[in-house]
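Welcome! Take a moment to look over the sequence and turn the model around before reading on.

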Amino acid sequence: MSIKLENVGIAVRDIEATIDFFTELGLTVLGRDTVSGEWADTAVGLDGNHAKIAVLQTPDGLGRIELFEYIHPDAVETTPTLPNEIGMHRIAFSVDDIDAALAIAARHGYFPLRGVADYEGIYKLTYLRGPSDILLMFAQSLSTPES
């Protein structure tokens, strides 16, 4: 048996605002749709499942996220997870310019939880809350590639 990570799915409050944020960071929309029907109910395990979806891909082509905004049943608001809580935690992105990534986030109203850390001169990294309180990590390598 072979296995491959397909994507990480995230329920969001506003799919358009979330797509705007991630595309400005450099992700590309691969597809969009509205899903419903018996197959969607069966796959997700919710009766009357009806949602707007979008699949976005990182520029390297290796990472994908699937965003979904529920039309029915109503989305359920939850308290955002804390970094030490068990369960789905965060999405981590390697960036080549953390300051540029943070400038994009700031234009959308999102800021680091507590500044930018320098991990032993190897990485600069930070956590922030993005659209729908998604916990994100940006990490910039400080090492120079071997020639």
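## Around Ala 105

In this predicted model, Ala 105 is in contact with Phe 21, Tyr 110, Leu 128 and Phe 138, once neighbours within four places in sequence are left aside. To find Ala 105 in the picture, look for helix α3, which covers residues 98-107.

Is Ala 105 buried or exposed? Its relative accessible area is 0%, and because buried means under 20%, Ala 105 counts as buried. For a sense of distance, try Val 44: it is 61 residues from Ala 105 along the chain, and the C-alpha atoms of the two are separated by 31 Å.

## Around Val 12

Next, move to Val 12, in the loop between β1 (8-11) and α1 (15-25). Which residues does Val 12 touch, not counting those up to four places away in sequence? They are Thr 18, Leu 67, Phe 68, Glu 69, Ser 132 and Ile 134.

Val 12 has a relative accessible area of 6%, so this loop residue is buried. Its C-alpha atom is separated by 23 Å from that of Ala 139, a residue 127 places away along the chain.

## Salt bridges

Now for some charged residues. Side chains of opposite charge can pair when their charged atoms come close. How many salt bridges does the structure hold? There are six.

One of them joins Glu 6 and Arg 64, whose closest N and O atoms are 3.2 Å apart. Glu 6 sits in the segment before β1, while Arg 64 belongs to strand β4 (residues 64-72), so this pair links distant parts of the chain, 58 residues apart. Glu 6 is partly exposed, with a relative accessible area of 45%, and Arg 64, at 32%, is partly exposed too.

## A link between two loops

Another salt bridge brings Asp 133 together with Arg 13, with 3.1 Å between the closest N and O atoms. Why does this pair tie together parts that are 120 residues apart in sequence? Because Asp 133 lies in the loop between β7 (123-129) and β8 (135-141), whereas Arg 13 lies in the loop between β1 and α1.

Asp 133 is partly exposed at 29% relative accessibility, and Arg 13 is partly exposed at 42%. These two residues also belong to a network of salt bridges, in which Arg 13, Glu 77 and Asp 133 are linked.

## From helix α1 to strand β2

Glu 16 and Arg 32 offer one more pair to look at: their side chains meet in a salt bridge, at 2.3 Å from N to O. Glu 16 is in helix α1 and Arg 32 is in strand β2 (residues 28-36), so the salt bridge ties together parts that are 16 residues apart in sequence.

How accessible are the two partners? Glu 16 has a relative accessible area of 39% and is partly exposed. Arg 32, at 45%, also counts as partly exposed.

## A nonpolar patch

Finally, turn to the surface. Which residues make the nonpolar surface patch of about 280 Å²? They are Tyr 119, Ile 122 and Tyr 123.

A good place to start is Tyr 119, found in strand β6 (residues 117-119). With a relative accessible area of 45%, Tyr 119 is partly exposed. That value allows Tyr 119 to be part of a patch, because patch residues need over 30% relative accessible area.

How values were computed. Residues are numbered from 1 along each chain as its sequence is written. This is a predicted model: local features need pLDDT of at least 70, side-chain atom pairs count only at pLDDT 80 or more; totals for chains, interfaces and linings use all residues. Side-chain values use heavy atoms; hydrogens and water are left out. Helices (H or I, at least four residues) and strands (E, at least two) are DSSP runs, numbered from the N terminus. Buried means under 20% relative accessible area, exposed over 50%, partly exposed in between (1.4 Å probe, protein chains only). Contact means heavy atoms within 4.5 Å. A salt bridge is a side-chain nitrogen of Lys or Arg within 4 Å of a carboxyl oxygen of Asp or Glu. Patches are made of residues with over 30% relative accessible area and no salt bridge: like charges are joined within 9 Å, nonpolar side chains (Val, Leu, Ile, Met, Phe, Trp, Tyr) within 5 Å. Accessible areas come from the Shrake-Rupley method with a 1.4 Å probe; for residues, only the protein chains shown count as cover.
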